Amino acid sequence: MTLEHDSAADRPGGLVQALAMLFALSFPTLATYLYFIALAGQPAMQPAYALTKVLQFAFPVFWVVAVQRQAIRLARPTLRPVATGAVFGLAVVAAMLALYYGYLKTSSLFSDAPAKVAEKIAAFGVETGLEFLALAAFIALLHSLLEEYYWRWFAFGQLQKSLPLAWAIGLSSLGFMAHHVLVVGLYLKGYGPATWFFSVCVAIGGAAWAWLYYKSGRLYGPWVSHLLVDL
């Protein structure tokens with residue numbers, strides 16, 4: 001369930017490629033602001049969420065196939081990257097749980113978060129436990145895969161073609177972090193140090209997944225890791 005580019009393919013000009021990457025890095029943040037903040041509590045929120053997600057996740061295929069005229073093919077998984085991703089994911093989960101139960105659960109910083117989470121869930125039409133589990137399964141299983149396909153395979157993969165490895169990892173990870181700043185800030189009472197700390201943690205996770213993708217050439221390891229964190 002990973003993707004590979006054909007290497008022998010035509011590429012668009014440098015300016016066009018740069019504009020495409022600027023769009024790819026910034027659009028998820030703009031979309032998050034639209035459906036998560038600007039349209040919060042309004043009937044248009046759910047359609048905006050669906051439409052922006054379709055646009056976001058369709059763009060890489062359009063760009064690679066229609067513009068760059070490259071073939072996309074599946075590659076078989078290998079065990080070591082999957083195991084590495086699982087170990088990293090479980091380590092992050094353990095750190096998250098320790099931080100929550102050791103500090104955040106009783107902290108004033110997190111006091112408004114449960115009500116805000118419940119409000120957001122209700123805004124998506126989730127009213128029963130079964131619907132909540134379905135939403136959780138979608139986010140953990142499918143959405144994590146789509147994000148890895150978007151941020152690691154496409155954003156990092158495209159940047160890596162024209163930039164040094166460190167720059168490609170850094171820029172793709174900052175793009176991955178940016179829309180999380182809006183989400184975390186909503187739940188942690190604004191954009192203070194805590195919001196930026198947790199957002200940087202997201203960027204570090206994105207960098208680790210980009211490195212794992214770079215080393216393995218496959219999305220399975222990063223996806224398993226991302227899946228565990230989201231779950």
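In the predicted model, Phe138, Ile139, Leu141 and Leu142 form a nonpolar patch of about 310 Å² on the surface. Leu142, one of the contributors to this patch, is located in helix 5, which spans residues 129-160. The relative accessible area of Leu142 is 42%, and the residue is therefore classed as partly exposed, since this class lies between the limits of 20% for buried and 50% for exposed residues.

Helix 5 also packs against helix 7 (residues 193-216). The axes of the two helices are 10 Å apart and enclose an angle of about 70°. Helix 5 is therefore roughly perpendicular to helix 7, as angles of 65 to 115 degrees are assigned to that class. The crossing of helix 5 past helix 7 is right-handed.

Positive phi values were found in the loops at two residues other than glycine, Arg69 and Lys189. For Arg69, phi is near 55°. This residue is situated in the loop that links helix 2 (45-67) to strand 2 (72-75). With a relative accessible area of 64%, Arg69 is exposed, because the cut-off for that class is over 50%.

For Lys189, phi is near 65°. Lys189 belongs to the loop between helix 6 (165-187) and helix 7, the latter being the helix that packs with helix 5. The relative accessibility of Lys189 is 43%, so that this residue counts as partly exposed.

How values were computed. Residues numbered from 1 in each chain as written. Predicted model: local features only at pLDDT ≥ 70, side-chain atom pairs only at ≥ 80, totals over all residues. Heavy atoms only, no water. Patch = residues over 30% accessible without salt bridge, like charges linked within 9 Å, V, L, I, M, F, W, Y side chains within 5 Å. Areas by Shrake-Rupley, 256 points an atom, 1.4 Å probe, with all protein chains shown as cover. Salt bridge = Lys/Arg side-chain N within 4 Å of Asp/Glu carboxyl O. Helix = DSSP H or I, 4+ residues; strand = E, 2+ residues; numbered from the N terminus. Buried < 20%, exposed > 50% of the residue type's maximum accessible area, 1.4 Å probe, protein only. Axes fitted to C-alpha atoms, helices over the stretch in contact; angles between N-to-C directions. Parallel < 35°, antiparallel > 145°, perpendicular 65-115°, else oblique. Left-handed = near helix turned anticlockwise from the far one by under 90°.
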